[in-house]
Amino acid sequence: KLPNFVQIKEVGPRDGLQNEKTPLSTEDKIKWINMLSETGVTEIEYSSFVNPKWIPQLADAKEVGKGIKRNPNVTYSALVPNQKGLEFALEAGIDGASVFMSASETHNRKNINKSIDDTFPVLKEVIENAKKAGKHVTGYISTVFDCPYEGKISPNQVIPICEKLFEYGVDDISLGDTIGSAVPSQVEKLLHHLLPRFPKEKIIMHFHDTRGMAITNIFTSLQYGITRFDSSIGGLGGCPYAPGAAGNVATNDVLYLLHGLGIETGIDERKILEASVLIQNKLGRVLPSRSLLANAN
Ligand code: HMG
Ligand code: MG
């Protein structure tokens, strides 16, 4: 039986833009995020408080956070890698902090410059301080299926990280198919091992659509009772430290699937289309979402 309601987190302003070559002005980001805020989506990841030398596209996180018009029905979250990032994020205004690490040792080092073991105390401090400040905390785990450097990742590498992050106090965990390589049997295997251990309401699936598998992987996750997904408008995005990683699954395509299945999201597809057209025009390229292509061009 499929769920009746699914919650979507819009990650386009963060995961989408972090890998875009065309720079977008702070003003345009604010205008676009304000538009996204009126689509019915309940969570927007609006930027990253990481080292701006690593991700120059999001160097204006503070100005964006201060500039957006907050809709009280929306949770505004941002990526924070360490205590310094959390301080900046709290100044800029966040409802939620997203910490992140990888299940693969090599990807973790490339992405955040530390071993997995050295990452735990850093995240523990951030999680505890964010909770003390009354913020929602999500823990991202990248490369949960495959790593571009190490190959297949076993559920046995993912489960202990989930255990630690929950013990430190995260409210939920988002599992990243960072390089968009998983097929449904991999999703089934991971969820089969994970769901007896952790409440399914606290598990979010984060698929990239590099090989066109994201929608089928979402359908598979729905059959396991997963009701929370990350997606990015138009299918923007990637991961700068995962070679070949393409965009996130497109919000437009996820909504087409869910609404077609009779699953509610509270999101207005027409408003998502308008926000997709705006960003597509600003970036000057056709975005990969198939539903967007069918409707807008
Ligand atoms: P580091 O260089 O090891 O950090 O970076 P450090 O503590 O040694 O500091 C070095 C310099 O960075 C210092 O500046 C710090 O002040 C500065 P300096 O003295 O040299 O001038 N610094 C900062 N500046 C601003 N904000 C901060 C901050 N922290 C240190 N928060 C760090 C470690 C984690 C910061 C770095 O590796 C980094 O920024 N990495 C971010 C990488 C990233 O954003 N990757 C993409 C997001 S993850 C993703 O996309 C996957 C996901 O979507 C899920 C999926 O798809 O799988 C979530
Ligand atoms: Mg991602």
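**Ligand shell, sheet core and loops of the predicted model**

Helix 4 is the biggest contributor to the shell around ligand 1, giving three residues. The model is a predicted one, so everything described here is computed from that prediction. In total, 28 residues sit around ligand 1, and those that come nearest are V50, G85, S142, G176 and T178. Three elements give two or more residues to this shell: helix 4 (83–92), helix 5 (105–112) and strand 5 (136–142). As for chemistry, the shell around ligand 1 is a mix of 14 nonpolar and twelve polar residues, with two charged ones.

Stepping back to the whole chain, the protein has twelve helices and ten strands. Its C-alpha atoms fill a box of roughly 45 × 45 × 35 Å along the principal axes. A compact globule of 297 residues would have a radius of gyration near 19 Å, and the 17 Å of the protein agrees with that. Buried residues account for 52% of the 297 residues. Contacts also reach far along the chain: taking those between residues at least 6 apart in sequence, 75% join residues at least 24 apart.

Strand 4 is a good place to look at how the sheet is put together. This strand covers residues 96–102 and is mostly covered, with seven of its seven residues buried. Neither face is left open: G96, S98, F100 and S102 are buried on one side, and A97, V99 and M101 are buried on the other. On one flank, strand 3 (residues 75–79) runs parallel to strand 4 and is joined to it by three bridges. Strand 5 also runs parallel to strand 4, and here seven bridges make the connection. A97 shows up in both pairings, since it is a residue of strand 4 that stands opposite A78 and also opposite V137 in strand 5. Helix 4, the top giver to the ligand 1 shell, belongs to this region too: together with strand 3 and strand 4 it makes a right-handed β-α-β unit.

A similar story can be told for strand 9. Strand 9 spans residues 203–207, and five of its five residues are buried. Its two faces are both covered, with I203, M205 and F207 buried on one side and I204 and H206 on the other. Strand 8 (residues 172–177) runs parallel to strand 9, and five bridges join the two. Within that pairing, I173 has I203 of strand 9 as its bridge partner. To get from strand 8 to strand 9, the chain passes through helix 8 (residues 184–194), and this β-α-β crossover is right-handed. Strand 10 (residues 228–231) also pairs with strand 9 in the parallel sense, over two bridges. In this case M205 is matched with F229 of strand 10 as its bridge partner. Helix 9 (residues 214–223) completes another right-handed β-α-β unit with strand 9 and strand 10.

A few loop residues deserve a mention. Most residues other than glycine have a negative phi. N113 goes the other way, with a positive phi near 65° although it is not a glycine. This residue lies in the loop between helix 5 and helix 6 (116–132). N113 counts as partly exposed because 13 other C-beta atoms lie within 10 Å, a number between the limits of 12 or fewer for exposed and 20 or more for buried. T143 is another residue that is not a glycine yet has a positive phi, in this case about 50°. Its place is in the loop between strand 5 and strand 6 (146–147). T143 has 29 other C-beta atoms within 10 Å, so it is buried.

P56 sits in yet another loop, the one between strand 2 (43–48) and helix 3 (61–67). With 11 C-beta neighbours inside 10 Å, P56 counts as exposed. Along the chain, P56 and Q18 are 38 residues apart, while their C-alpha atoms are 7.9 Å apart in space.

Methods: Residues numbered from 1 in each chain as written. Chains lettered and ligands numbered in written order. Predicted model: local features only at pLDDT ≥ 70, side-chain atom pairs only at ≥ 80, totals over all residues. Near = placed C-beta within 6 Å. Helix = DSSP H or I, 4+ residues; strand = E, 2+ residues; numbered from the N terminus. Nonpolar A, V, L, I, M, F, W, Y, C, P; charged D, E, K, R; others polar. Rg over C-alpha atoms; globule rule 2.2 N^0.38 Å. Contact = placed C-beta atoms within 7 Å. Pairing = 2+ DSSP bridges. Right-handed = clockwise from strand over helix to strand, strands pointing away.
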